[in-house]
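This report goes through a few local features of one model, moving from a loop position to a metal site and then to the aromatic side chains. Please keep the sequence and the structure in view while reading.

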Amino acid sequence: MSDQSLPSGALEALQRPSNAGDRSTIRKLSDFDQGVLAVSASHDEDLGELTHKFDLLCPRNGCGSVILKAGVGRWVERDSVELDISKEPLHPDLPTLPAPPATTHWWLVTPNIIEFENIGFTRPVQKDAVAAQKLKFLICAECDLGPLGWCEEGGNEFWLACSRVGYR
Ligand SMILES: [Zn+2]
């Protein structure tokens with residue numbers, strides 16, 4: 001017997017951290033008939049605002065790392081952002097967002113990254129030579145799946161796309 005026969009990736013799979021979710025319990029926004037309505041509830045501190053009543057997870061089957069605890073983000077509908085500037089094909093767990101200036105649904109997290117359980121960032125990207133601000137994209141801290149959302153470099157607002165996170 002040789003240990004060369006382990007399929008690549010098997011060892012990493014065994015070593016996944018304990019907060020990795022059970023794949024069968026990760027739900028996507030598209031799994032809920034009522035969309036955002038089905039996953040939202042009044043915010044504890046500000047009843048006029050909506051928050052997510054589920055923990056937000058990395059949507060990748062087999063990862064499910066907890067990104068944000070329930071009740072932290074605030075629901076906002078605002079301009080969509082072009083997240084997919086890479087030439088690589090989009091991962092099947094990441095639905096395409098509408099093209100700006102159409103709006104889409106976001107979970108807004110403020111004022112800093114301490115609010116997150118786990119989150120990763122890409123290097124700053126300047127999408128538009130005219131724009132002064134550079135964007136960073138939010139990715140899963142465990143498996144690098146993304147972009148799941150965005151923030152401005154040095155900014156204090158973090159935007160997660162409602163359709164690009166899992167719910168549990
Ligand atoms: Zn992940």
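## A loop position

Glu-45 is found in the loop that runs between strand S1 (40-42) and strand S2 (50-52). The model is a predicted one, and in it Glu-45 has a relative accessibility of 71%, so that the residue counts as exposed, the cut-off being over 50%. In space, the C-alpha of Glu-45 lies 9.7 Å from the C-alpha of Gly-71, although 26 residues separate Glu-45 and Gly-71 in sequence.

## The zinc site

Which residues of the protein serve as donors to the zinc ion? They are Cys-58, Cys-63, Cys-140 and Cys-143, each through its SG atom, and they lie 2.3 Å from the ion. The angles among the 4 donor atoms run from 108 to 113°, and the site is tetrahedral; the criterion behind that word is that all angles lie between 85 and 135 degrees.

Along the sequence, the donor residues follow the spacing C-x4-C-x76-C-x2-C. Cys-63 belongs to the loop between strand S3 (56-57) and strand S4 (66-68), whereas Cys-140 belongs to the loop between strand S8 (135-139) and strand S9 (149-152), and the pair therefore ties together parts that are 77 residues apart in sequence. Cys-63 is buried, with a relative accessible area of 2%, and Cys-140 is likewise buried, with a value of 1%.

## Aromatic pairs

The structure contains 8 aromatic pairs. One of them joins Phe-116 and Phe-158 in an edge-to-face arrangement, with 5.8 Å from centre to centre and 85° between the planes. Because Phe-116 sits in the loop between strand S6 (103-109) and strand S7 (120-121) while Phe-158 sits in strand S10 (residues 158-161), this pair ties together parts that are 42 residues apart in sequence. Phe-116 and Phe-158 are both buried.

A further group of rings is made up of Phe-32, Phe-54 and Tyr-167, which form one aromatic cluster.

## Charges over rings

Where do charged side chains meet aromatic rings in this model? Arg-78 is placed over the face of Trp-159, at 4.5 Å from the ring centre. In another such arrangement, the ring of Phe-121 has the charged end of Lys-136 over it, at 5.6 Å from the ring's centre.

Technical notes: Residues numbered from 1 in each chain as written. Predicted model: local features only at pLDDT ≥ 70, side-chain atom pairs only at ≥ 80, totals over all residues. Heavy atoms only, no water. Phe/Tyr/Trp six-rings, centres within 6.5 Å; stacked < 30°, edge-to-face > 60°. Helix = DSSP H or I, 4+ residues; strand = E, 2+ residues; numbered from the N terminus. Buried < 20%, exposed > 50% of the residue type's maximum accessible area, 1.4 Å probe, protein only. Lys NZ or Arg CZ within 6 Å of the ring centre and 35° of its normal. Donors = N, O, S within 2.8 Å, 3.2 Å for Na, K, Ca; no water. Tetrahedral: all angles 85-135°; square planar, octahedral: opposite > 155°, others 65-115°.
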